[in-house]
Amino acid sequence: MHGDAELHHAAELYWVQGMTMEAVADRFGVSRPTVSRMLQAARDRGIVRITLSAPPAAGHEVSRRLREVFGVTAHVAGTARAATEPQRLESVARSAAALLADWFGDGTTLAVAWGTTTSAVAAHLQPKPTRDAVVVQMNGAVSARSPLTAQSPALLGQMSSAFGASLLPFPTPAFFDDERTRTLMWQESTVRRVLAVRNAADLAVFSVGAFRGPMISQVYSGDYLDEDALRELAAHRVVGDVCTVFLREDGTYADIGLNRRATGPTPLELRRIPRRLCVVSGDHKVPGVIGALRAGVVTDLVIDERTADAVLRRLSGR
């Protein structure tokens, strides 16, 4: 079993000083396969993090136009034109995980909205131990109709473990049956504590939910909403949600009745968090992405190239 210092030294010799595996093996008095295992262990423990810098032209025009229109920083993940939906999701998840690792440090509070996309991001996080850091759940997750659908514990556990951070779950359903219950719950000391930490977060990560398309979001596929609720969303021309708060494509949300029963932060509340990372892929999410951008909830957008092109085409009416 090799210690962190030994793994760091081997990694430095190989990746920084450019020594061959044979030379590193000779230095340590071990075999070449042992050096290969040491280098892999250094990556697994987060001692080594490998990143790729895209050429300046890759996604540059898309990024420039999104910054001009919405003031966001767009990180465009390159994918093949023929890439499948799962492949596009994996590409943006890897890119988002690398950004989170760069931004997350000692004393950071990260607010997380559960979902398929953020779960994919969590799966790509490499260990990066920090001190005095917190991962807080941004919205409730339990469904009264099917309690087993909640996926937030695994997601939050992965993120907090990756950073060695404390975990603060949000012990509420995704949606209350009655908005008056929500008002009363918001007065409970346990809930107030979560809300206070959430509202003081340094960083938020979330996606945009979509209820149409090849990869329907958990909010719509996991028995969180009944038929009456879905009809109400259609009547209000809802195109998606951010943190279980529903949006129209023009970014409005305040008069949608279901939002008064939701546990996630409103766009107004979300905008108080300094850095807000939205991670999306898939043509079916394009209207929702535009709604989120118009609502001003995004500071940084990780998006695959094909989806980004579709966003710009829709904005220009093509």
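Visitor: Which residues do ring pairs link into a cluster?
Guide: Welcome to a predicted model, in which local features need pLDDT of at least 70 and side-chain atom pairs count only at pLDDT 80 or more, while totals for chains, interfaces and linings use all residues. Residues are numbered from 1 along each chain, and side-chain values use heavy atoms, without hydrogens or water. Rings of Phe, Tyr and Trp (its six-membered ring) pair if their centres lie within 6.5 Å. Here, such pairs join up a cluster of Phe170, Phe176 and Trp186.

Visitor: How many degrees lie between the planes of phenylalanine 170 and tryptophan 186?
Guide: Their ring centres are 5.8 Å apart. The pair is tilted (neither under 30 degrees, which is stacked, nor over 60, which is edge-to-face). The angle between these two planes is 45 degrees.

Visitor: How many residues apart in sequence are the parts that this pair, phenylalanine 170 and tryptophan 186, ties together?
Guide: Phenylalanine 170 sits in the loop between E4 and helix H8 (179–185), and tryptophan 186 in the loop between H8 and helix H9 (189–199). Helices here are DSSP runs (H or I) of at least four residues and strands (E) of at least two, numbered from the N terminus. The pair therefore ties together parts whose separation in sequence is 16 residues.

Visitor: Is phenylalanine 170 buried or exposed?
Guide: Its relative accessible area is 3%. Buried means under 20%, exposed over 50%, and partly exposed in between (1.4 Å probe, protein chains only). Phenylalanine 170 is therefore buried.

Visitor: Which aromatic pair is edge-to-face, at 6.0 Å centre to centre?
Guide: The two planes make 75 degrees. Both partners are buried. They are phenylalanine 176 and tryptophan 186.
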